Amino acid sequence: MSNAWRNWDHVLKVDPDKSLVDGETFEDVCRTGTDAIEVGGTLDVTSEKMERVIDACRKHDVPLYQEPSNPAVVVDDEALDGYLVPIVLNAGGVSWITGAHKEWVRIDDVNWEKTTTEAYIVLNPESSVAELTDAQCEQTPEDVAAYATVAERMLGQDIVYVEYSGTYGDPDVVGAAHDALDEATLFYGGGIGGYDAAYEMGERADVVVVGDLLHDEGCDAVRETVEGVKDAHGKTIDA
């Protein structure tokens, strides 16, 4: 799979277990200006729910990826540009580093040409993903920078993902991760609620991921975050 994310600024993560704001459609979602849509969630996700979102987005010209939380929800669909598979570097158990991934390889014929991994560093202890993975969230900027270096230099990861899911993160931590990387792309996700937050994290991360905002406030709010990160990167929104 080509490293398309090296040209991204903004990703919209759609949780298939959550609804859109009343009156909005997936056509509206695909017209927010985001560079890619990632379909994934932590809790109560099924392959049927994943497929519903994929079907709704397939006819629109936005790159579409699945982020499966476990092997049982992986969808084989030609509409998908690829699979972005999390590994949680600071997880408390091996299942979220290699265990679930081993099971996927054991039970399925993985399409390696369309599959890459995201080296997650989970930093909000109250988030669902932190609780599920027993993530060790008390990390200093130096710790996070070291994790980022391990991901890139030791594990060969092309994506490092600083995840504060559910809350706005520490810009110094995100900056430390970015400074530690050479070639890898830094994703940031968590608490992006508007233009200013997207701009601030866009100054530090290569790609800003927006999720809950879509389901809580809708597409206009998401569009503001696209503007924020594009402005931080000195770019304009594609027409």
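The following exchange goes through some labels given to residues in this predicted model.

Me: Why is D158 called buried?
Reply: Its relative accessibility is 14%, and buried means under 20%, so D158 counts as buried.

Me: What makes R6 and D158 a salt bridge?
Reply: The closest N and O atoms of R6 and D158 are 2.5 Å apart. The rule asks for a side-chain nitrogen of Lys or Arg within 4 Å of a carboxyl oxygen of Asp or Glu, so the pair qualifies. R6 lies in the segment before β1 and D158 in the loop between α5 and β6, 152 residues apart.

Me: Why is R6 called partly exposed?
Reply: R6 has a relative accessible area of 41%. Partly exposed lies between the 20% and 50% limits, so the term applies.

Me: How do you know that R31 is exposed and E27 partly exposed?
Reply: R31 has a relative accessible area of 58%, and exposed means over 50%. E27 has 33%, which falls between the limits and therefore counts as partly exposed. The side chains of E27 and R31 meet in a salt bridge at 2.7 Å, N to O.

Me: Why is the R58 and D77 pair said to tie parts of the chain together?
Reply: R58 is in the loop between α2 and β3, and D77 is in the loop between β3 and β4, so the bridge joins parts 19 residues apart in sequence. The N to O distance is 2.9 Å, and the cut-off is 4 Å. D77 has 8% relative accessibility and counts as buried, whereas R58, at 39%, is partly exposed.

How values were computed
Residues numbered from 1 in each chain as written. Predicted model: local features only at pLDDT ≥ 70, side-chain atom pairs only at ≥ 80, totals over all residues. Heavy atoms only, no water. Helix = DSSP H or I, 4+ residues; strand = E, 2+ residues; numbered from the N terminus. Buried < 20%, exposed > 50% of the residue type's maximum accessible area, 1.4 Å probe, protein only.
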